[in-house]
Amino acid sequence: MSELVWLNGSLAEAADATVSIFDHGLTVGDGVFETLKAVDGQPFATRRHLDRLRRSAEGLGLRVPYEDEQLRAAMAEVLASHDHPLARVRLTVTGGAAPLGSERGEDQATVVIAVGVLKPVEPSTAVCVVPWPRNERGALAGIKTTSYAENVVALAHAKARGCTEAIFANTVDQLCEGTGSNVFVGIGGRLLTPPLSSGCLAGVTRDLVLEVTDAVEEDIPMHAFRDAEEVFLTSTGRDVQPVHQVDDRRLSTDGALTRAAADAFAALVESSDDP
Ligand SMILES: Cc1ncc(COP(=O)(O)O)c(C=O)c1O
(Lines give C-alpha, C1' and ligand atoms only; values in the text may rest on other atoms or scores of the structure.)
Protein backbone atom coordinates (compact mmCIF):
# COMPACT_ATOMS: atom_id res chain seq x y z
CA MET A 1 0.00 0.00 0.00
CA SER A 2 1.40 3.43 -0.85
CA GLU A 3 1.78 5.89 2.01
CA LEU A 4 -0.15 9.09 1.41
CA VAL A 5 -0.03 12.66 2.67
CA TRP A 6 -2.73 15.31 2.51
CA LEU A 7 -1.88 18.69 1.03
CA ASN A 8 -4.35 21.58 0.75
CA GLY A 9 -7.43 19.41 0.49
CA SER A 10 -6.10 16.47 -1.57
CA LEU A 11 -4.45 13.14 -0.88
CA ALA A 12 -1.17 12.53 -2.69
CA GLU A 13 1.88 10.30 -2.71
CA ALA A 14 4.51 11.99 -0.53
CA ALA A 15 6.91 12.19 -3.51
CA ASP A 16 4.30 14.03 -5.61
CA ALA A 17 3.15 16.53 -2.96
CA THR A 18 4.91 19.83 -3.53
CA VAL A 19 4.78 23.30 -1.98
CA SER A 20 6.24 26.54 -3.28
CA ILE A 21 9.89 27.31 -2.54
CA PHE A 22 8.50 30.73 -1.54
CA ASP A 23 6.32 29.22 1.16
CA HIS A 24 6.58 31.45 4.23
CA GLY A 25 6.91 28.38 6.42
CA LEU A 26 10.10 27.49 4.54
CA THR A 27 11.58 30.97 4.16
CA VAL A 28 10.91 32.41 7.64
CA GLY A 29 9.34 29.67 9.78
CA ASP A 30 5.89 31.30 9.62
CA GLY A 31 3.68 28.40 10.58
CA VAL A 32 2.11 26.35 13.34
CA PHE A 33 1.87 22.62 13.87
CA GLU A 34 0.56 19.74 15.95
CA THR A 35 1.87 16.25 16.58
CA LEU A 36 -0.68 13.62 17.60
CA LYS A 37 -0.01 10.05 18.62
CA ALA A 38 -1.93 7.31 16.79
CA VAL A 39 -2.08 3.74 18.09
CA ASP A 40 -3.31 1.18 15.55
CA GLY A 41 -4.50 4.02 13.34
CA GLN A 42 -6.50 5.76 16.07
CA PRO A 43 -5.30 9.29 16.95
CA PHE A 44 -5.37 10.36 20.59
CA ALA A 45 -6.84 13.60 21.98
CA THR A 46 -7.72 14.98 18.54
CA ARG A 47 -10.10 17.65 19.87
CA ARG A 48 -7.46 19.10 22.18
CA HIS A 49 -4.83 19.12 19.43
CA LEU A 50 -7.17 20.81 16.93
CA ASP A 51 -8.17 23.40 19.55
CA ARG A 52 -4.51 24.17 20.21
CA LEU A 53 -3.75 24.34 16.47
CA ARG A 54 -6.40 27.05 16.15
CA ARG A 55 -5.08 28.92 19.19
CA SER A 56 -1.55 28.79 17.75
CA ALA A 57 -2.78 29.95 14.32
CA GLU A 58 -4.66 32.81 15.96
CA GLY A 59 -1.48 33.78 17.82
CA LEU A 60 0.29 34.16 14.48
CA GLY A 61 -2.71 35.75 12.74
CA LEU A 62 -3.03 32.74 10.41
CA ARG A 63 -6.38 31.44 9.17
CA VAL A 64 -6.81 27.65 9.04
CA PRO A 65 -8.92 27.23 5.89
CA TYR A 66 -10.54 23.92 6.90
CA GLU A 67 -13.11 22.89 9.50
CA ASP A 68 -12.19 20.45 12.25
CA GLU A 69 -14.33 17.75 10.65
CA GLN A 70 -12.38 18.07 7.38
CA LEU A 71 -9.08 17.83 9.25
CA ARG A 72 -10.28 14.81 11.24
CA ALA A 73 -11.40 13.06 8.03
CA ALA A 74 -8.11 13.92 6.33
CA MET A 75 -6.08 12.52 9.25
CA ALA A 76 -8.13 9.31 9.10
CA GLU A 77 -7.48 8.96 5.36
CA VAL A 78 -3.74 9.51 5.71
CA LEU A 79 -3.55 7.11 8.67
CA ALA A 80 -5.46 4.47 6.70
CA SER A 81 -2.68 4.46 4.09
CA HIS A 82 -0.04 3.66 6.75
CA ASP A 83 0.34 0.50 8.77
CA HIS A 84 2.58 1.68 11.62
CA PRO A 85 1.07 0.42 14.91
CA LEU A 86 2.60 3.43 16.68
CA ALA A 87 2.54 6.55 14.53
CA ARG A 88 2.89 10.30 14.76
CA VAL A 89 0.45 12.45 12.84
CA ARG A 90 1.92 15.80 11.93
CA LEU A 91 -0.44 18.63 11.00
CA THR A 92 1.30 21.76 9.67
CA VAL A 93 -0.23 25.11 8.67
CA THR A 94 2.01 27.79 7.17
CA GLY A 95 1.51 31.30 5.82
CA GLY A 96 1.64 29.99 2.23
CA ALA A 97 3.63 31.49 -0.65
CA ALA A 98 4.85 35.02 0.07
CA PRO A 99 7.45 37.55 -1.08
CA LEU A 100 10.92 36.97 0.34
CA GLY A 101 11.02 38.74 3.70
CA SER A 102 8.95 38.76 6.87
CA GLU A 103 5.76 40.25 5.39
CA ARG A 104 3.09 37.65 4.65
CA GLY A 105 1.72 37.30 1.10
CA GLU A 106 -1.84 37.13 -0.21
CA ASP A 107 -1.79 33.35 -0.69
CA GLN A 108 -3.95 30.97 1.29
CA ALA A 109 -2.25 28.99 4.05
CA THR A 110 -0.47 25.76 3.19
CA VAL A 111 -1.93 22.81 5.12
CA VAL A 112 -0.12 19.47 5.29
CA ILE A 113 -0.95 16.24 7.09
CA ALA A 114 1.77 13.60 7.16
CA VAL A 115 2.32 10.43 9.19
CA GLY A 116 5.57 8.92 10.42
CA VAL A 117 6.75 6.26 12.81
CA LEU A 118 6.83 7.08 16.52
CA LYS A 119 9.61 5.42 18.49
CA PRO A 120 8.47 3.62 21.66
CA VAL A 121 9.42 5.61 24.73
CA GLU A 122 12.28 4.59 27.05
CA PRO A 123 11.15 3.73 30.61
CA SER A 124 13.16 6.69 31.97
CA THR A 125 15.52 9.32 30.66
CA ALA A 126 18.27 11.87 31.34
CA VAL A 127 17.82 15.60 30.81
CA CYS A 128 20.29 18.49 30.55
CA VAL A 129 19.64 22.11 31.44
CA VAL A 130 20.71 24.31 28.52
CA PRO A 131 22.39 27.72 28.89
CA TRP A 132 19.85 29.61 26.74
CA PRO A 133 16.61 30.99 28.25
CA ARG A 134 13.08 30.70 26.89
CA ASN A 135 11.62 34.18 26.54
CA GLU A 136 8.32 34.02 28.39
CA ARG A 137 7.54 37.56 27.19
CA GLY A 138 8.30 36.94 23.50
CA ALA A 139 5.70 37.18 20.73
CA LEU A 140 5.80 33.40 20.24
CA ALA A 141 5.66 32.34 23.90
CA GLY A 142 3.24 29.46 24.35
CA ILE A 143 2.56 29.12 20.60
CA LYS A 144 3.43 25.89 18.82
CA THR A 145 5.12 27.45 15.80
CA THR A 146 7.33 25.88 13.15
CA SER A 147 10.07 28.35 14.25
CA TYR A 148 11.77 25.60 16.24
CA ALA A 149 15.43 26.16 15.34
CA GLU A 150 16.11 27.19 18.96
CA ASN A 151 14.84 23.76 20.00
CA VAL A 152 17.04 22.09 17.37
CA VAL A 153 20.15 23.78 18.83
CA ALA A 154 19.16 23.00 22.42
CA LEU A 155 18.36 19.35 21.71
CA ALA A 156 21.67 18.86 19.87
CA HIS A 157 23.43 20.35 22.93
CA ALA A 158 21.59 17.91 25.22
CA LYS A 159 22.17 14.89 22.96
CA ALA A 160 25.90 15.65 22.84
CA ARG A 161 25.84 15.26 26.65
CA GLY A 162 23.97 11.95 26.63
CA CYS A 163 20.52 13.42 27.36
CA THR A 164 17.32 12.93 25.37
CA GLU A 165 15.80 16.27 26.32
CA ALA A 166 17.01 19.81 26.92
CA ILE A 167 15.44 21.78 29.74
CA PHE A 168 14.96 25.55 29.47
CA ALA A 169 14.73 28.06 32.28
CA ASN A 170 12.98 31.32 31.37
CA THR A 171 14.44 34.85 31.57
CA VAL A 172 13.89 35.06 35.35
CA ASP A 173 15.62 31.70 36.02
CA GLN A 174 12.47 29.72 36.66
CA LEU A 175 11.79 26.31 35.17
CA CYS A 176 10.00 26.53 31.81
CA GLU A 177 9.88 23.35 29.65
CA GLY A 178 11.79 21.00 27.37
CA THR A 179 12.22 21.33 23.60
CA GLY A 180 9.21 19.08 23.06
CA SER A 181 7.93 18.31 26.52
CA ASN A 182 6.61 19.79 29.76
CA VAL A 183 8.21 19.18 33.14
CA PHE A 184 6.69 18.07 36.46
CA VAL A 185 8.64 17.96 39.72
CA GLY A 186 8.04 16.39 43.12
CA ILE A 187 9.17 18.67 45.95
CA GLY A 188 8.36 18.00 49.61
CA GLY A 189 5.59 15.58 48.68
CA ARG A 190 3.88 18.04 46.30
CA LEU A 191 3.64 17.62 42.53
CA LEU A 192 4.34 20.90 40.71
CA THR A 193 4.56 22.11 37.12
CA PRO A 194 5.36 25.60 35.83
CA PRO A 195 2.34 27.81 35.00
CA LEU A 196 1.74 28.94 31.40
CA SER A 197 3.09 32.37 32.41
CA SER A 198 6.53 30.69 32.63
CA GLY A 199 6.47 30.65 28.81
CA CYS A 200 5.85 26.93 28.40
CA LEU A 201 3.53 25.41 25.84
CA ALA A 202 0.12 24.29 27.09
CA GLY A 203 0.97 20.65 26.44
CA VAL A 204 -1.99 18.36 25.86
CA THR A 205 -0.37 15.71 28.08
CA ARG A 206 0.42 18.36 30.71
CA ASP A 207 -3.25 19.44 30.77
CA LEU A 208 -4.44 15.86 31.12
CA VAL A 209 -1.96 15.10 33.93
CA LEU A 210 -3.12 18.25 35.73
CA GLU A 211 -6.69 16.95 35.44
CA VAL A 212 -6.03 13.43 36.76
CA THR A 213 -3.57 14.24 39.59
CA ASP A 214 -3.28 16.74 42.42
CA ALA A 215 -0.49 18.57 40.58
CA VAL A 216 -0.37 22.32 41.08
CA GLU A 217 0.88 25.04 38.73
CA GLU A 218 3.56 26.99 40.54
CA ASP A 219 6.67 28.97 39.63
CA ILE A 220 9.71 26.75 40.26
CA PRO A 221 13.10 28.45 40.67
CA MET A 222 15.88 26.56 38.90
CA HIS A 223 17.68 25.84 42.18
CA ALA A 224 14.51 24.08 43.41
CA PHE A 225 14.29 22.10 40.15
CA ARG A 226 17.91 21.01 40.57
CA ASP A 227 17.12 19.76 44.11
CA ALA A 228 13.76 18.14 43.28
CA GLU A 229 13.18 14.63 44.62
CA GLU A 230 11.26 13.52 41.54
CA VAL A 231 11.12 14.79 37.95
CA PHE A 232 9.10 13.57 34.99
CA LEU A 233 8.46 14.77 31.45
CA THR A 234 5.12 14.80 29.66
CA SER A 235 4.50 14.90 25.93
CA THR A 236 2.58 13.22 23.16
CA GLY A 237 5.56 10.97 22.40
CA ARG A 238 6.72 10.37 25.97
CA ASP A 239 3.40 10.19 27.88
CA VAL A 240 4.59 10.38 31.53
CA GLN A 241 8.32 9.63 31.42
CA PRO A 242 10.35 9.51 34.67
CA VAL A 243 13.70 11.33 34.67
CA HIS A 244 16.64 9.42 36.19
CA GLN A 245 19.23 12.17 35.78
CA VAL A 246 19.27 15.99 35.69
CA ASP A 247 22.71 17.10 34.48
CA ASP A 248 25.07 15.20 36.83
CA ARG A 249 22.50 14.39 39.51
CA ARG A 250 20.89 10.95 39.69
CA LEU A 251 17.25 10.65 40.71
CA SER A 252 14.98 7.82 41.71
CA THR A 253 12.43 6.98 39.01
CA ASP A 254 9.91 5.20 41.18
CA GLY A 255 8.85 8.08 43.39
CA ALA A 256 5.24 7.90 44.59
CA LEU A 257 4.16 11.07 42.75
CA THR A 258 5.64 9.94 39.42
CA ARG A 259 4.15 6.46 39.71
CA ALA A 260 0.71 7.81 40.58
CA ALA A 261 0.79 10.26 37.66
CA ALA A 262 1.91 7.57 35.19
CA ASP A 263 -0.83 5.20 36.41
CA ALA A 264 -3.54 7.88 36.29
CA PHE A 265 -2.51 8.94 32.79
CA ALA A 266 -2.41 5.34 31.55
CA ALA A 267 -5.91 4.76 32.96
CA LEU A 268 -7.16 7.87 31.17
CA VAL A 269 -5.69 6.70 27.84
CA GLU A 270 -7.39 3.33 28.35
CA SER A 271 -10.74 4.99 28.99
CA SER A 272 -10.92 7.38 26.02
CA ASP A 273 -9.37 8.19 22.61
CA ASP A 274 -10.41 11.81 22.77
CA PRO A 275 -10.49 12.90 26.41
C1 LIG B 1 7.79 23.20 23.26
C2 LIG B 1 6.90 22.08 23.65
N3 LIG B 1 6.53 21.95 24.93
C4 LIG B 1 5.74 20.95 25.34
C5 LIG B 1 5.28 19.98 24.45
C6 LIG B 1 4.41 18.85 24.93
O7 LIG B 1 3.09 19.00 24.42
P8 LIG B 1 2.12 17.77 24.15
O9 LIG B 1 1.88 17.11 25.46
O10 LIG B 1 0.88 18.42 23.61
O11 LIG B 1 2.78 16.87 23.17
C12 LIG B 1 5.62 20.08 23.09
C13 LIG B 1 5.14 19.10 22.14
O14 LIG B 1 5.82 18.71 21.21
C15 LIG B 1 6.45 21.16 22.68
O16 LIG B 1 6.80 21.30 21.40
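**Arg48, the ligand shell and two helices**

Leaving aside neighbours within four places in sequence, Arg48 is in contact (heavy atoms within 4.5 Å) with Val204, Asp207, Leu208, Glu211, Asp274 and Pro275. The model is a predicted one, in which local features need pLDDT of at least 70 and side-chain atom pairs count only at pLDDT 80 or more, while totals for chains, interfaces and linings use all residues. Residues are numbered from 1 along each chain as its sequence is written, and side-chain values use heavy atoms, with hydrogens and water left out.

Arg48 lies in helix H2 (residues 46–60); helices (H or I, at least four residues) and strands (E, at least two) are DSSP runs, numbered from the N terminus. With 17% relative accessibility, Arg48 counts as buried, where buried means under 20% relative accessible area, exposed over 50% and partly exposed in between (1.4 Å probe, protein chains only). Its side chain reaches the backbone oxygen of Pro275 at 2.9 Å. Such a polar contact is a pair of N or O atoms within 3.5 Å; within protein, one must be able to donate a hydrogen and the other to accept it, and residues adjacent in sequence count only if both atoms are side-chain atoms.

Helix H2 has 15 residues and reaches 21 Å from its first C-alpha to its last, close to the 21 Å expected at 1.5 Å a residue; the expected span is 1.5 Å times one less than the number of residues. Alongside Arg48, the buried residues of H2 include His49, Leu50, Leu53 and Ala57. These buried residues of H2 pack against strands S3 (31–39), S4 (42–43) and S5 (86–94), and against helices H3 (68–80) and H5. Just after H2, Gly61 takes a positive phi of about 70 degrees.

Helix H5 (204–212) leads on to the ligand, since H5 and strand S9 (175–178) each supply at least two residues of the shell around the ligand. Of the 16 residues around the ligand (a heavy atom within 4 Å), Tyr148, Glu177, Val204, Thr205 and Thr236 come nearest. A polar side-chain atom of Glu177 lies 2.8 Å from a ligand nitrogen atom. Two ligand contacts involve oxygen atoms: a backbone N or O atom of Val204 lies 2.8 Å from one, and a polar side-chain atom of Thr205 lies 2.7 Å from one. Taken alone the ligand exposes 390 Å², and the protein buries 93% of that, with areas from the Shrake-Rupley method and a 1.4 Å probe.

Helix H4 offers a neat look at sidedness. The 12 residues of H4 (residues 149–160) should span 16 Å at 1.5 Å a residue, and the end C-alpha atoms are 17 Å apart, which agrees. Asn151, Ala154, His157 and Ala158 are the buried residues of H4. Seen down the axis, these fall within an arc of 125 degrees, so they line one face of the helix; the arc is that of the directions from the helix axis to the C-beta atoms. The face turned away from this buried side carries the exposed residues Ala149, Val152, Lys159 and Ala160. Strands S7 (125–129) and S8 (165–169) are among what covers the buried residues of H4. Gly162, just after H4, takes a positive phi of about 80 degrees.

Positive phi values also occur outside glycine. Asn8 has a phi of about 50 degrees, sits in the loop between strands S1 (4–7) and S2 (10–13), and is partly exposed at 36% relative accessible area.
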